[in-house]
Amino acid sequence: TYINTLSDINIELFGCALDSLICPTARQALITEQAVSRPGANWAQYSLLTNDSNIDIAGRVWFAAQVHREILYLIGGISASGFEKSILRSSDGSTWSRIKDAEPVMQGRAFFPSASFKGSIWMFGGRTEVPQVLMNDVWKSGTGDIWCVATRQAGWSARWNHASLVHADKLWIMGGTSLVQNESDVWHSSDGVEWKVATDRAAFSSRSRFSAASFRSRMWVFGGDISGNRSGVWFSYDGIDWFNTKSSLPWTNRQLHDGLVFHNKMWVVGSLNNASERDIWFTSNGENWNQATSWAQFGKRLGYSVVTFRNSMWVIGGALESCDSSDVSGCLLSAPSNDCKKVGYVGYFSSEFCRLSDVWINTFFDANF
């Protein structure tokens, strides 16, 4: 039996929050999935990342989202004002507050991962704006208000578009793009200060813009950019030896997707292939994959984050397909005109995108799934 995970919330089942400022226009497509369909198939817009009308400030892309002590944090990314050092947090996904005390010590950054580990939120490296410096620093905070630097120069090289994991009571960093190349090294730390290399050349090959997860006592790497999109799935027990599942994957080669573990399944959400996708896939063993939907209601987007929060999957922020700053009619979700601005910079997604501040939730799941 499929049940509503948040039955007390004012959600229009196949659409968006009733008071939403950003709402799907192709509503006829929203009713193609029924309430008794697959988990991960039905999504509803739940809130915006602001409690006022200033959507332009709240919309952000390429940020880190982290659940820590039942609080959802959004860290850094790119907004209308450039590379952010601000942090948003919410205990329910609806009411958001901006943490101002953290900003003086933070360097604005994007394209970095985060983790919740040993009572703290952690963030690792990333990229700044001009002069586009890459970082390999590690920061931690108990509540998001006060941040302490664990190390300003970790053992791994400065990089962006890398992945982080918590696995076997350790922090792990892998892959990404350094100043020289895409990387395939794997590092671990028990305290975030001292880092040890598990392998400097993992079998999964050098890659960036990929997803990673800790699932069923193994670390997993899937997709990414290795001079082209990839769909391979690799796993490791120890970070040293990596094995390809060698199964024929039903989902297309992809990068800039997101992944997570939810309800004893591993999920792949969206992607950038030749064009951005909105499909969702899941597996219980890493080899056999099933499609939850090919048409998620939150639309095609880039630079978003996906998290498990309050017993549901959530999709937050990002950018929609390219649009003109003076005419947002081409955007799938009709964003306010002042929110259709550049989210990239010279040399990286420098075209115009609709930067989003919306929050979506997977509305139903099967208790026996």
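Trainee: In which sense do S15 and strand S16 (residues 196-199) pair, and over how many bridges?

Mentor: S15 and S16 pair in the antiparallel sense over 3 bridges. The model is predicted, so local features need pLDDT of at least 70 and side-chain atom pairs count only at pLDDT 80 or more, while totals for chains, interfaces and linings use all residues. Residues are numbered from 1 along each chain as its sequence is written, and side-chain values use heavy atoms, leaving out hydrogens and water.

Trainee: What makes two strands a pair?

Mentor: DSSP must find at least two bridges between them. The strands themselves are DSSP runs of E with at least two residues, numbered from the N terminus. S15 and S16 have 3 bridges, so the pairing criterion of at least two is met. One bridge joins Trp-187 to Val-197 in S16. Strand S14 (residues 170-174) also pairs with S15, in the antiparallel sense over 4 bridges, and there Trp-172 stands opposite His-188.

Trainee: Which residue in the hairpin of S15 and S16 takes a positive phi?

Mentor: Gly-192 does, with phi near 80°; 6 residues lie between the two strands.

Trainee: Which residues of S15 point which way, and are they buried or exposed?

Mentor: Val-186 and His-188 point one way, Trp-187 and Ser-189 the other, and all are buried. Buried means under 20% relative accessible area, exposed over 50%, and partly exposed in between (1.4 Å probe, protein chains only). Over the protein chain, 60% of the 369 residues are buried.

Trainee: Why is Glu-277 called partly exposed?

Mentor: Its relative accessible area is 28%, so Glu-277 falls between the two cut-offs and is partly exposed. Glu-277 lies in strand S23 (residues 276-283).

Trainee: Which residues does Glu-277 touch, not counting those up to four places away in sequence?

Mentor: Glu-277 touches Gly-270, Ser-271 and Lys-300, where contact means heavy atoms within 4.5 Å.

Trainee: What makes a space a pocket and not a cavity?

Mentor: On a 1 Å grid over the protein atoms alone, a cavity is a set of points where a 1.4 Å probe fits but cannot get out, whereas a pocket is an open set with protein on both sides within 12 Å along at least five of seven lines. Lining residues have an atom within 4 Å of a point. The largest pocket holds about 1,000 Å³, a volume being the space filled by probe spheres set on the points, which are joined across faces, edges and corners. Of its 36 lining residues, those closest to the centre are Ser-114, Ser-164, Ala-212, Asp-258 and Gly-259.
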